[in-house]
Structures are given as C-alpha cells and as structure tokens.
Amino acid sequence: MTDFPMTIAGKPVAGDATFGVINPATGAVFAQAPDASDADLNAAVAASLDAYRDWRKDEGLRRETMRKAARVLEAAMPELGAILSKEQGKPVAEATLEIYGGPYWLDYYAGIDDVPEVIQDDAAALVEVHRQPLGPVAAITPWNFPVALAFWKIAPALRAGNTLVLKPSPYTPLSTLRFGQLLADVFPPGVLNVISGRDPLGARLTAHPDIRKISFTGSTATGKKVAVAAAEDLKRVTLELGGNDPAIVLDDADPATVAAGIFASSMANAGQVCVAIKRAYVPRAMYGDVVDALVELAKKAKVADGFTEGVTMGPVNNAPQFARVRGLVDAALSAGAKAATGGRPIDGPGYFYEPTILTGVSDDMPIVAEEQFGPALPVLPYDNLDDAVARANDSHFGLGSSIWTGDLQRGADLARDIQAGTTWVNSHLIMMPQQPFGGVKWSGLGVENGLPGLHEFTDVHVIYQNRNAG
C-alpha cells in the first residue's frame, strides 16, 4: 500500500517521522503514515490562519469549490473505499458507500442558505442577526467512520467561512490523507489542511492559540479532556461523544420485523457506531421469539476480510477495542449471562469477533451499563413499559434511541419520554445532512448537521441601525 503525505497549505508534506497503520483483518502493519511534528502542526495552523482572511469574504467561491470537491470525491470513491476498508476493516462496499457521505454533505452545505434574521424593522431601527465565521477551526475524527464524519465537520465549517485543520485517528489516517491530496488543488491553499500523528498531536492541536473551535467526535473520556483544554482559551466546541442507545420493543410489534431492524442497527460496522443499538428491551411475552430471530440473523452473518465476496461484517478495528469487547462479554458470561449465539473471538489472524446475542443479563452489568462498541448485543426482558423507559433512561449517555411498534403514533408519543438527542420509530441509524444530530448528558455538546450544525461554526453578530440618529 502506498504511503500518503499530509496536506499543508495545499502542498504534500511527508514529515520527518512515521508510524505504522495496521490492517485489522490481519493484525499486521501494512502502511506508514506521517507522524506530525510541532513544526508541521504550526505550519498547518498558520496556513489556515493566512487562508482565512480571503476565504471568509467570498461566499460564491465557497459554494463553487465545495461542489467541485464533491465531484472529485465521487470520481475517487472506488480508490478511497478500498483504502478505507483495508485500514478500518469494514466491507469494501460499505467503505465505498461511506465515501459518498463526503460529496453528499458538501453538496448539501454548498446549497444551504443562511439569511440574516430581522428582529426589528420599524421607524426606530433595523436590527439584524448575522452569522460570522470563527476563524481557523480544528476537526478531530474517530476511527469508525473517518471519512463520513470528517465531512460532517468540513462541509459546514468551510461553508460558514472558516478554514480547517483536520486530524484523523492514528488507527485510520490513510483515507483522510488521500482525500486531502485529492482536494489540494480544489480549495485555495490553507483552506483545508490534513495532518496525522499519534498522541499527543490531538491535544497540541486543541490547545493551539490560533484555533478558535474544536469539533471532536470520539469517546466521552477524551471529549471531557477536549472541553477542559478548550476552556482555557474559551474556544468553541462541538463534542459528539459516546452512546449507549436503547431499543424498546412494544407489545404490538412483529418479532421477526423487529429483530431484523435491531440486528442491522446493532451490528452495523461490527457494532462500532456511536449511535448503534447497544441494548434492547423486549416484552417478556415475546422475548423468546425476538431472541430466536436475532440468533438466526447472527448465524447467517458472514464475518471476514472486507474484500471477501459476500462478507457482511468485518473485524473490530483495533487491538484495544477488541480486548474491550472480549472483556465485557467474558465478564457478563462469568456473572451468569448466556450467549444465545457467539461470545468468542474467531480463530485466526486479525480482530474478528463472533456476532453475539446475550441473554440473562442485568442492567448493572458493564455490557449493559457501558458502551461496548462491538458486535455484542444484550437483550433484556421487561414486564412494564414505564419500567422499560425508566431503565432505558437510567444512563449517563443520551445519544440515540429507538422504539419498535406496530403503531407509529404510539411510538412517537412514547419517544417524547426518552432522554436522547434522537429517537427513531421503527428504524435506527438513519442520518441525513439536513437532520440535526447531537447528544444529551455525557453524549456530547452541540449539534452537527442541518442549519443548526452550520451555526455551530459561527458567532452571532447583531447589526443595529438607528433610524432616528441626527
């Protein structure tokens, strides 16, 4: 696999040091990525600051170049999808689909209108609320969806008139580095800079005095550190953090239909989705039917290298996460839970784990109370719907949730009782660029996507015109 340079001020930068990138299907290093130095970081931020002076002034240019960037990414989808599959592990078809999130988000934000709000227009005054960009911003992305989530940040940040320094996870830097190369001739130099490296690069980027906002997607523990570092300089932050999404099945739902939706939404990307279903609450009367249907789906899953024909699930992305999933499942089994199917690593190289359905679990087991972020789903029975809602809400997290029912209105009414940023009814994981997304409690601060997501990259600027002066 070809190694890729960073992009700083529109030029390729190899850096003075590198680190290995592991293919999770083999557990072996297959490429090297640049390990940015302090000088590289400072150069990227300086380029961003320099480009900001002109970029912020020309809305037409911003729209035009974002649409050009979208077309470049579309043409590169097969190449980028293959790179992403190899470094992240997901099936290549899913990886290629993830790349499409880039042009989709760019096109949406290139076309969005954000006109000033008139709050007074009378004989006394004209008062308008404008939005102005912040300046250079930092985007720090995770390893589960490194490309798609990068453009959740890039598109609104650039559309608003900011410039950006992007740092991907060291587990999955290559696809991001490559699209940085591809877009180097599209955006003016310094508008989009891509750097890569191991810790503490993210902390150094967060603390840089010329960065005015940090948009971070990752763990709650790291998000808290980002918030503390940002507070020192009163930087703006958007934090999209962990989730422990509950799915509540109602007694009027069809077990087979529910099982198909819950399985797909819990095992997507080998369960490595912040807003995947992490625990399911099922009426006791239909518990056995739902579990049986989930087990059958798990047994039909084809877990293999992302380039294998017919593969439906790849490996866990990295060794620490693989160990965490294994430890949580082992602890649950030791405490009395049962694996209706799965419950073990798959023999051979790489970080492959069996799709696992757990029964006999309790709400206080870590596999239920914490975010497992892997292909293991605990299924819990309930006898009283109010109790199920209370148990679903009894969490530090509040990212997503879903209700499964034969009556959409009943599901929508119940959704209002769920403490989460999003509650789907008879679906889960449906994301669109116009749909605001964020969490409550420990699941984050601020929102991404839609007009609210654009406004996260702006400051309010009130312009008051006194019509009675003189």
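1. A cavity here is a set of grid points where a 1.4 Å probe fits but cannot get out. By that definition, the structure holds two cavities of 30 Å³ or more. The model is a predicted one. Pockets, by contrast, are open sets of points.

2. Start with the largest cavity. Its space comes to about 50 Å³. The lining counts 14 residues, and Pro 246, Phe 397, Gly 398, Gly 400 and Gln 419 are the closest to the centre. Three elements each supply at least two lining residues: β12 (245–249), α13 (385–393) and β17 (400–404). By class, the lining of the largest cavity splits into six nonpolar, six polar and two charged residues.

3. The second largest cavity holds about 30 Å³ of space. Its lining can be listed in full: Thr 7, Gly 10, Leu 183, Ala 184, Phe 187, Pro 188, Gly 190 and Leu 192. Five of these residues are nonpolar and three are polar. The lining of the second largest cavity has no charged residues.

4. Now the pockets. The largest one has a volume of about 980 Å³. It is lined by 39 residues. Nearest its centre lie Trp 143, Phe 216, Gly 218, Ser 219 and Thr 222. Two or more lining residues come from each of α7 (201–207), β10 (213–217), α8 (220–232) and α11 (319–334).

5. Which element gives the largest share of the lining of the largest pocket? It is α8, with seven residues. As for chemistry, the lining of the largest pocket has 18 nonpolar, 13 polar and eight charged residues.

6. The second largest pocket contains about 690 Å³ of space. A set of 24 residues lines it, with Glu 98, Phe 145, Ala 148, Leu 429 and Met 431 closest to the centre. Helices α4 (92–111), α5 (146–159) and α9 (255–267) are the elements that give two or more residues to this lining. Of these, α4 gives the most, with seven residues. The lining of the second largest pocket is made up of 16 nonpolar, four polar and four charged residues.

7. Turn to the sheet that includes β5, β6 and β22. These three strands form an open sheet in the order β5-β6-β22, with antiparallel pairing. Strands β5 and β22 stand at the edges with a single partner strand each, so one side of each has no neighbour in the sheet. On average, neighbouring strands of this sheet are turned by 20 degrees against each other, direction ignored.

8. Take the two pairings in turn. Strand β5 (residues 117–121) is joined to strand β6 (residues 125–133) by four bridges, and the two run antiparallel. They form a hairpin, with three residues between them. Within this pair, Val 118 of β5 stands opposite Glu 128 in β6.

9. How many bridges link β6 and β22? Nine, again in the antiparallel sense, with β22 covering residues 458–466. Here Val 127 stands opposite Tyr 464 in β22. Strands of a sheet pair through backbone hydrogen bonds, either parallel or antiparallel.

10. Points to keep in view when looking at the model: the largest pocket, at about 980 Å³, takes seven lining residues from α8. The second largest pocket, at about 690 Å³, takes seven from α4. For the sheet, the order to look for is β5-β6-β22.

Key: Residues are numbered from 1 along each chain as its sequence is written. This is a predicted model: local features need pLDDT of at least 70, side-chain atom pairs count only at pLDDT 80 or more; totals for chains, interfaces and linings use all residues. Side-chain values use heavy atoms; hydrogens and water are left out. On a 1 Å grid over the protein atoms alone, a cavity is a set of points where a 1.4 Å probe fits but cannot get out, and a pocket is an open set with protein on both sides within 12 Å along at least five of seven lines; lining residues have an atom within 4 Å of a point. Grid points are joined across faces, edges and corners, and a volume is the space filled by probe spheres set on the points. Ala, Val, Leu, Ile, Met, Phe, Trp, Tyr, Cys and Pro count as nonpolar, Asp, Glu, Lys and Arg as charged, and the others, Gly among them, as polar. Two strands pair if DSSP finds at least two bridges between them. Axes are lines fitted to C-alpha atoms, for helices over the stretch in contact, and angles run from 0 to 180 degrees between N-to-C directions.
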